[in-house]
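Here are my notes on the model you sent, set out as numbered points. Please read them with the structure open beside you.

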Amino acid sequence: MTRFIGLLAIIIFNTTGFAFSGNGSGTSGDPYQIANCSQLQEMDLDGNSTTYYILVNDIDCDGASFTPILITSDWQAKLNGNNHTIFNLEISSDGGSNDSVGLFSRLGSNSRVEQLIISNANVTSTAGLATGILAGISQGAIEGVMTNGSVSGVDRVGGLVGYAFAGSI
């Protein structure tokens, strides 16, 4: 019985921490370096209060099943696109646990996305509050971001952001 409990504790310990698969430590001086679509999706697993990310090359998400990244107001994510492009982002949602749909479900008030291009995106929501290619809902800062593609939703639909009620664009 003791061995089982010890093994269970190790499994729980190893699965609760965030381990980014790429380079970087997530600080402003050493941001997590996103090099592919899988690493982009990993942003959703991080729950630290302040985390920095940077794209290190163009990313093709063709064929990837992408789930909107949720950033709450407590999580101060900063994404520097570094003038790179995310191609072929495909998101289809029926609402589910996300009431808003886009690359980011929500950008919290302390979040920032800059110098990013999203090209040939296809974002669809059949339920929910807001739908956009970059974000369904934004309270954060968006600077130097361009999108193109198709977006459809039920309410509050936009090519960049579905619903921005605070922050800056």
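**Notes on the predicted model**

1. Strand 4 and strand 8 pair in the parallel sense, over 2 bridges, and within this pairing Ile 69 has Phe 104 of strand 8 as its bridge partner. As the model is a predicted one, this and the points below describe computed coordinates and should be read with the confidence values in point 7.

2. The pairing of strands 4 and 8 belongs to an open sheet of 4 strands, in the order 4-8-11-14, with parallel pairing. Its edges are strand 4 (69–70) and strand 14, each of which pairs on one side only. Further into the sheet, strand 8 pairs with strand 11 (residues 135–138) in the parallel sense over 3 bridges, and there the bridge partner of Phe 104 is Ala 135 of strand 11. Strand 11 in turn is joined by 3 bridges to strand 14 (residues 161–164), again running parallel, with Ile 137 standing opposite Tyr 163 of strand 14.

3. Phe 104 deserves a second look, as it is also listed, together with Leu 103, Leu 116 and Leu 134, among the residues with the most contacts inside the largest nonpolar core, a set of 33 residues. At least two residues of this core come from each of strand 1 (32–34), helix 2 (37–41), strand 2 (50–55), strand 5 (76–87), strand 8 (104–107), strand 9 (112–125) and strand 12 (141–152). Strand 9 gives the most, with 5 residues. In soluble globular proteins, nonpolar side chains tend to be buried together.

4. Which residues does Leu 134 contact, leaving aside its neighbours within four places in sequence? They are Gly 102, Leu 103, Phe 104, Leu 107, Val 113, Leu 116, Ile 118, Ile 142, Val 145, Thr 147 and Leu 160. Three of the names in that list can thus be followed back to point 3, namely Leu 103, Phe 104 and Leu 116.

5. His 84, found in strand 5, has a relative accessible area of 18%, and it counts as buried because that value falls under 20%. Not counting residues up to four places away in sequence, His 84 touches Leu 55, Val 56, Asn 57, Asp 58, Gln 115, Leu 116 and Ile 117.

6. Ala 166 lies in the segment after strand 14 and counts as partly exposed, at 36% relative accessibility. Its contacts, leaving aside neighbours within four places in sequence, are with Ser 138, Gln 139 and Gly 140. The C-alpha atoms of Ala 166 and Ser 109 are separated by 7.4 Å, although the two residues are 57 apart along the chain.

7. On confidence, the mean pLDDT of the protein is 85, and 82% of its residues reach 70 or more. Among the elements, strand 3 (residues 59–60) has the highest mean pLDDT, at 98, and helix 1 (residues 2–16) the lowest, at 37. Over residues 1–16 the pLDDT stays under 50, and for this stretch the model has 0 contacts beyond four places in sequence.

8. For the protein as a whole, there are 2 helices and 14 strands, and buried residues make up 40% of the 169 residues. Of the contacts between residues at least 6 apart in sequence, 71% join residues at least 24 apart. The accessible surface comes to about 8,300 Å², with 50% of it belonging to carbon and sulfur atoms.

Key: Residues are numbered from 1 along each chain as its sequence is written. This is a predicted model: local features need pLDDT of at least 70, side-chain atom pairs count only at pLDDT 80 or more; totals for chains, interfaces and linings use all residues. Side-chain values use heavy atoms; hydrogens and water are left out. A nonpolar core is a set of buried Ala, Val, Leu, Ile, Met, Phe, Trp, Tyr and Cys residues joined through side-chain atoms within 4.5 Å. Buried means under 20% relative accessible area, exposed over 50%, partly exposed in between (1.4 Å probe, protein chains only). Contact means heavy atoms within 4.5 Å. Two strands pair if DSSP finds at least two bridges between them. Accessible areas come from the Shrake-Rupley method with a 1.4 Å probe; for residues, only the protein chains shown count as cover. pLDDT is the predictor's confidence in each residue, from 0 to 100.
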